[in-house]
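I opened this notebook to keep track of what I looked up, one topic at a time. The entries follow the order in which I worked.

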Amino acid sequence: MGGKCCKSGPNKDALETEKLKRLCQKRHRARIKAAEKIQAWWRGTLVRRTLLVAALRAWMIQLWWRTLLWRRVLKQRRDLLKIYVIQEEAAVKLQSWVRMWQCHRRYCRICNAVCILQAPKSYFAFQTSDILQAQYEVTPNQPEFHIEILSV
């Protein structure tokens, strides 16, 4: 009996050690698989974080660019409005100068029309220019009006 026991003992121990070895290897493989899953998850997290940072930076650049373009558009509008205001003011000033010149011309014509008393009470001559001469004669009953064209 002792021989049987001894024979089965080392076999049993070898089987036990083999089982333990397989169990350790199995646990090791499970740990490696778990570590690989954790590493894959972590790499994915890092990639997603990097993509998020890149997307946020791209969004910030786009926002900056759109703001820059909008400011340019506003500046162009403001410049065009300034040009329009300057042109309108110039047109108004030019119109006022033309009106002033016309009024001045009329005033000068009136001033050049000299009223000369030729007869004591009833005879006036208005000289408007060298070409046209008008005379007014006032009589008690009926006024007379004569126009002479001196040269053409």
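Before reading any side chain I fixed the terms: a residue is buried under 20% relative accessible area, exposed over 50%, and partly exposed in between. By that scale Lys75, with a relative accessible area of 45%, is partly exposed. I also noted that this is a predicted model.

Entry on the overall layout. I looked up the elements of the protein chain and found one helix and four strands, which run α-β-β-β-β from the N terminus on. Helix H1 spans residues 2–112, and the protein chain has 152 residues, of which 4% are buried. I then checked the contacts in the protein chain with a separation of 6 or more, and residues 24 or more positions apart account for 0% of them. The accessible surface of the protein chain comes to about 14600 Å², and carbon and sulfur atoms hold 64% of that area.

Entry on salt bridges. I recalled that side chains of opposite charge can pair when their charged atoms come close. How many salt bridges does the count come to? I found two, taking a side-chain nitrogen of Lys or Arg within 4 Å of a carboxyl oxygen of Asp or Glu as the rule.

I went first to Lys75, whose partner in a salt bridge is Asp79, with the closest N and O atoms 3.1 Å apart. Both residues belong to helix H1 and, because they are four residues apart, about one helical turn separates them. Asp79 has a relative accessible area of 29%, so I entered this residue as partly exposed.

I then turned to Glu18 and Arg22, whose side chains meet in a salt bridge at 3.8 Å, N to O. Here too I noted a spacing of four residues within helix H1, about one turn of the helix. Is each partner buried, partly exposed or exposed? Glu18 counts as partly exposed because its relative accessibility is 36%, whereas Arg22 is exposed because its relative accessible area is 54%.

Entry on charge at the surface. Looking for positive charge, I found a surface patch in which Lys26, Arg29, Lys33 and Lys37 gather. I followed up Lys33, which is found in helix H1, and entered this residue as exposed because its relative accessibility is 57%.

Entry on nonpolar surface. Which residues make the nonpolar surface patch? I listed Leu52, Leu56, Trp59, Met60 and Leu63, which together form a patch of about 540 Å². I looked more carefully at Trp59, which lies in helix H1; its relative accessible area is 49%, so Trp59 counts as partly exposed.

Definitions and conventions. Residues numbered from 1 in each chain as written. Predicted model: local features only at pLDDT ≥ 70, side-chain atom pairs only at ≥ 80, totals over all residues. Heavy atoms only, no water. Patch = residues over 30% accessible without salt bridge, like charges linked within 9 Å, V, L, I, M, F, W, Y side chains within 5 Å. Areas by Shrake-Rupley, 256 points an atom, 1.4 Å probe, with all protein chains shown as cover. Lys, Arg positive; Asp, Glu negative; His and termini not counted. Charge placed at Lys NZ, Arg CZ, Asp CG, Glu CD. Helix = DSSP H or I, 4+ residues; strand = E, 2+ residues; numbered from the N terminus. Buried < 20%, exposed > 50% of the residue type's maximum accessible area, 1.4 Å probe, protein only. Contact = heavy atoms within 4.5 Å.
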